[in-house]
Number of protein chains: 2
Amino acid sequence: MQKSLSVYDSDGSTFAPLVVIELVSETKEEAIAWLLNRVRDKQQDGGAELLVEQLTPGAQGTEKDNPNVYVVGASWQRLLYGAEDVGLFKEFNDGSMRGFTYANKHNFKEFQGDGDGFLSMAECQYIIKHELDNLRAKDEAHVPGYPKMKLYPGKSVIRRMQSKGILVQVFPLHEKEELKRLSFSWFKKIKLSFQPLDDIRHYFGEGMALYFGFLEYFTLALIPMALIGIPYYLFDWEDYDKFTVFAGFNLVWCTVILELWKRLSASLAYGWGTLSRKKAFEEPRPGFHGVLGVNPVTGRAEPLYSNAKRQLRIYLVSVPFVLLCLYLSLYVMMIYFDMEGWALMIHDEEPTFWTGLLLFIPSIIYAVVIEIMNLIYRYAAEFLTGWGEWDWMGGWVDECILFNFFNCFASLFYIAFVMQDMVLLRQSLATLLITSQILNQIMEAFLPYWLQRRRNKKAHKRMIKTMEDKELPLSEQVKLEADMSTYLGTFDDYLELFLLFGYVSLFSCVYPLAAVLVVLNNVTEVYSDAFKMCKVFKRPFSEPAANIGVWQLAFEAMSVIAVVTNCALIGMSPQVKSYFPESETQLIMWVVGFEHFLLASKFILAFVIPDVPKHIQIKLSRLEFESLEALKKRHQKEPVYKRLTYHV
Amino acid sequence: MQKSLSVYDSDGSTFAPLVVIELVSETKEEAIAWLLNRVRDKQQDGGAELLVEQLTPGAQGTEKDNPNVYVVGASWQRLLYGAEDVGLFKEFNDGSMRGFTYANKHNFKEFQGDGDGFLSMAECQYIIKHELDNLRAKDEAHVPGYPKMKLYPGKSVIRRMQSKGILVQVFPLHEKEELKRLSFSWFKKIKLSFQPLDDIRHYFGEGMALYFGFLEYFTLALIPMALIGIPYYLFDWEDYDKFTVFAGFNLVWCTVILELWKRLSASLAYGWGTLSRKKAFEEPRPGFHGVLGVNPVTGRAEPLYSNAKRQLRIYLVSVPFVLLCLYLSLYVMMIYFDMEGWALMIHDEEPTFWTGLLLFIPSIIYAVVIEIMNLIYRYAAEFLTGWGEWDWMGGWVDECILFNFFNCFASLFYIAFVMQDMVLLRQSLATLLITSQILNQIMEAFLPYWLQRRRNKKAHKRMIKTMEDKELPLSEQVKLEADMSTYLGTFDDYLELFLLFGYVSLFSCVYPLAAVLVVLNNVTEVYSDAFKMCKVFKRPFSEPAANIGVWQLAFEAMSVIAVVTNCALIGMSPQVKSYFPESETQLIMWVVGFEHFLLASKFILAFVIPDVPKHIQIKLSRLEFESLEALKKRHQKEPVYKRLTYHV
């Protein structure tokens, strides 16, 4: 915990600031007072029972600075109760992971003294965010001072104020000392070592740590493919016999690494306490809206999400939107082919070195356009499915993956299976892959960094001087961090890995060097992602995650599609065709048979390899067994109470 | 409960007999005394704490009758404690299903008074079997009186005595009144109605009820296929266009019905309390053998199963055995084709009505031989993997399904895809299907009935007179039931359905009438299976089951294979071929594309339809949530105790 910084509470005691709330500068006084009261109120009165103070501007404070910046903290006791509320799992005395309870706190392994080192700062911030999000309107009809800002019982106050633009942002503070240590062990010392996943998890939370764990695992898993790919590039391009072996190896390898990742991820998540924690049992996300109802599982009062409304929105808005985008994507693809044909015509008329270079120009332009279209689609989809309402884990994720897949690979499929032009396929694949890698590295780390530098042009020199200075006052730190860009979650990072995986696996028998390029990209990706998390973006709230979610499925689907494409490519190669000179039918039968064999092997392999390692499975079963036993015991201890409640 | 019958306990009180133990007549006195003591001993002394008495021969008892027949019962209290031991789930006051505990018994819905109607007779018998099976050797080195009958700590006593031939059988008694009512509502009144599944479950247990539920569901699900199939038979045989539609419908239908069955089965199993009950948390099956160890999940002492030893047995015994059987099966198939060719030759030389009939003879013979081979394989496999040791849920099930699949369908695959003779395929399919149906009905119901009648030839007239007589003495009833055949579990019944499903689905576009035949077969199957359960076989011990287990997977695998075979058949049809007169390649590409589309649809459909209905899922989640909450509370109540035990 950040002990160097503290602010004075209203009753004169100090507390460590954890989270910053920024309201627009012209917010009405009564709205501010109301919000602060709700944050400070006791929980039984529907408040969050947190500590909150206005940030006093520092010595360098100017008139322009927004005065409505508040820092939020909490007492240790409140945070420990909060840990119980959000259902954190911690290591128990006997080495198993158990749901934390305040009353039982001394039985947890790392709980010492009054427990002020028990929760990491990221966990404290997560708890505060959870409590703020769950500040719900009671009988207020609207936000005080703003008659148009309607509220109804159960509506998240923070969410409504944010969607209406009064609340600018809520973000957690960095802790400079810890960040410095983390940066050093993560990316500042250049040496071959694994990433400090536990430290990353400690600072950024489980979702982020799983992303970096997956990035590292994926890179390591690609190394064998890359090593096998190099001799193909160095020696003979055109020997399809060997490519068949290469593709076969790739396909089996993809299945194995995805299955093993599930096991590794389960081990990591168990140790971090997120595997046993059930998402369904948490309090609802603030994104849930609607009138209050009773959750059928937990019995808690919470807003019920109207499913029918969402379905309607999907059919009326999303489907036409996706179709329109797909059409646009196809249209752009056709323009690309026109350009390609035009470049080829010029090159054929008068072939020089420069026209040879010209051949790559259409692919490069196309790659840039694809990236732009992906970006536009992503924000448009987020906007359409209600980004303004924070509902960003909604329906757009699947569609966005589908659209990106189509957008990136449609042209390659067309070249491979309609034009059947292997030379163009290889050239196009290489150009798309390399261009998108370069663009991504620029877009996601260097551009925001550069933008931020430009924005802080004046403050920059001061920042450089003071960022390293331990005595930087809180008001300065808050001001600097408030201006940093906001990290929008791991979606874009996973999406990038997913598309790279597509480039490697879908057409691996045509361009074996792809794996080498992706490995090189991923190594720099680790550094640029680590850099952007530590230096470029605001600290994100930690997101407890037990696995990589929809991405596991997406990667597995990609590896199934890769079986089909690679088998088709092998079947189309002249070398394989020459084995069946008299009968094309027989060739196809063999290829289809081989493909079915590979698909069946994949499914059997995925079925046979258990998703969770045995020792973790035993621990999970043990938790379940002991829970059921405890439930039986509980009923025995309070039969009268139970009978009374059931007869009410 | 059977109140008309009772025997006197050693202390003069009476108890209702539930289970019969039969020892060979020359068993040594000391072994009998030892066994009875172990059965009667208190649980803390390692006994089963049950009531057991020798059966006194009735008035008609002859010298020949075995005197070593014992009836076992238990007090109500003991049975209720046993229900807690085996982890029965019962309906709680609030309508949810909860693990039963004795201390909390009054909070369960159907518990009234002293609870003598709370457990069904089948459940009582299951509990008694469980307790008998778990009578384990303590420090005895061998069974008293039999120095060669070695024991070691943890070895199941009953199991060792059974494998060494001293214990002839252990079986539960029928209850005549209830059986009569069940028979009447089940198969004696001929009218269109669903089976009384709850009554079947009440009398025979969940495993049996799920089998009959599946049989009924499967029959109903086939009716649409049968209805669509009839016009194909009545009007035009050879129109492949329509067959394509028919096959497409079948393939989608198969996926849908299998997915819906999972949901239906989950609903049934939830209501019966077996869905929430975890197999892994039960005490070990008596089949587990090895030295005592500690179960890592439940912490109970139990024999640890040696996995390596089993693996070795599989590789050294099962694999060569399966290969040998497959070779034999292929050899028989070749003989069948020789016979087929010979019959065709005779018919071609001089075609008459009789030679036309002769054409069917090889198929009929082959069908009979297949049935015999399946039967021999089943018993051989059971014997090889240790049937004598009761380990019958071991490794042979999967192999047996595979062998039966190969044995039944190899010839059809050969005719369809190697010989490509659609006329022979249809003829062979029809003959195999009809012959095997007839054989099965004879083999599984009428043959055992006839055998039993012949065995009881002398006693028969007396039986007829007394079976209807309510005053039939216990000794007579035991004697009659002991002579009945033993039902070996639902495996054979499911296997039969599985093979029928194969005949319907694999080649559905060649022989649409198959579904009609299977529906007709299944309707009689319900009656003959019900008849054999009630009249022919000993009452089986109930088997708690939450689903149909490996059969769900087997049926799904069959429906995937069916997609491949049907698409291939459609592609091979002359009508489809005529669409692509110039290019066979294009034809194959279309067929392969269509097949991939169907396969992808199947997987997406299976993924999208939830396996458990939402309201059941909510109840399961609620149980899990409350269990975890109870575990948290438990730790709070006994922190000192917990800390002490963990430091031991």
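Visitor: How many salt bridges are there between chain A and chain B?
Guide: Happy to help, and please keep in mind that this is a predicted model. The two chains do meet, since 51 residues of chain A are in contact with 50 residues of chain B. Even so, the count of salt bridges between chain A and chain B is zero.

Visitor: How much area do chain A and chain B bury between them, and what share of it is on carbon and sulfur atoms?
Guide: Between them, chain A and chain B bury about 4700 Å². The share of that area on carbon and sulfur atoms is 66%.

Visitor: How many salt bridges does the structure hold over all chains?
Guide: None of them runs between chain A and chain B, where the count is zero. One example inside a chain is A:R38 with A:E140, whose closest N and O atoms are 3.2 Å apart. Over all chains, the structure holds 38 salt bridges.

Visitor: How many residues apart are A:R38 and A:E140, the pair that links distant parts of the chain?
Guide: A:R38 and A:E140 form a salt bridge. A:R38 lies in helix α1 of chain A, while A:E140 lies in the loop between α3 and β8. Both residues are buried. Along the sequence, A:R38 and A:E140 are 102 residues apart.

Visitor: Is A:K262, the salt-bridge partner of A:D611, buried or exposed?
Guide: A:D611 and A:K262 form a salt bridge with the closest N and O atoms 3.4 Å apart. This pair links distant parts of the chain, with A:D611 in the loop between α20 and α21 and A:K262 in helix α8, 349 residues apart. A:D611 is partly exposed at a relative accessible area of 36%. A:K262 has a relative accessible area of 17%, and the cut-off for buried is under 20%, so A:K262 is buried.

Visitor: Which residue forms a salt bridge with B:E123?
Guide: B:E123 sits in helix α3 of chain B, and its partner sits in helix α6, 78 residues apart. B:E123 is buried, with a relative accessible area of 9%, and the partner counts as buried at 17% relative accessibility. With the closest N and O atoms 3.5 Å apart, that partner is B:R201.

Visitor: Which residues form the nonpolar patch on the surface of chain A, and which helix supplies the largest share?
Guide: The patch is formed by A:L375, A:Y379, A:I434, A:I438, A:I442, A:M443, A:L447, A:W450, A:L451 and A:L488, with about 850 Å² of accessible area together. Two helices of chain A, α11 (361-384) and α13 (422-455), each supply at least two residues. The largest share, seven residues, comes from α13(A).

Visitor: Why is A:M443 described as partly exposed while A:N440 is buried?
Guide: A:M443 is in helix α13 of chain A, and A:N440 is in helix α13 of chain A as well. Buried means under 20% relative accessible area and exposed means over 50%, with partly exposed in between. A:M443 therefore counts as partly exposed because its relative accessible area is 38%, whereas A:N440 is buried because its value is 16%.

Visitor: Which residues does A:N440 touch, not counting residues up to four places away in sequence?
Guide: A:N440 is in helix α13 of chain A. With neighbours up to four places away left out, the residues A:N440 touches are A:E371 and A:E496.

Visitor: How far apart are the end C-alpha atoms of residues 429-451 of chain A?
Guide: An unreviewed UniProt entry lists residues 429-451 of chain A among its "transmembrane region" spans, which also include residues 209-231. The span 209-231 is 100% helix, with its end C-alpha atoms 35 Å apart. Residues 429-451 are also 100% helix and 0% strand, and their end C-alpha atoms are 31 Å apart.

Visitor: How far apart in space are B:L553 and B:L258, C-alpha to C-alpha?
Guide: B:L553 lies in helix α18 of chain B and is partly exposed, with a relative accessible area of 42%. In sequence, B:L553 and B:L258 are 295 residues apart. In space, the C-alpha to C-alpha distance is 9.6 Å.

Methods
Residues are numbered from 1 along each chain as its sequence is written. Chains are lettered from A and ligands numbered from 1 in the order in which they are written. This is a predicted model: local features need pLDDT of at least 70, side-chain atom pairs count only at pLDDT 80 or more; totals for chains, interfaces and linings use all residues. Side-chain values use heavy atoms; hydrogens and water are left out. Patches are made of residues with over 30% relative accessible area and no salt bridge: like charges are joined within 9 Å, nonpolar side chains (Val, Leu, Ile, Met, Phe, Trp, Tyr) within 5 Å. Accessible areas come from the Shrake-Rupley method with a 1.4 Å probe; for residues, only the protein chains shown count as cover. A salt bridge is a side-chain nitrogen of Lys or Arg within 4 Å of a carboxyl oxygen of Asp or Glu. Helices (H or I, at least four residues) and strands (E, at least two) are DSSP runs, numbered from the N terminus. Buried means under 20% relative accessible area, exposed over 50%, partly exposed in between (1.4 Å probe, protein chains only). Contact means heavy atoms within 4.5 Å. UniProt positions are given in the numbering used here, feature names are shortened, and annotations may be inferred rather than shown by experiment. Buried area is the accessible area (1.4 Å probe) that two parts lose on being put together, summed over both.
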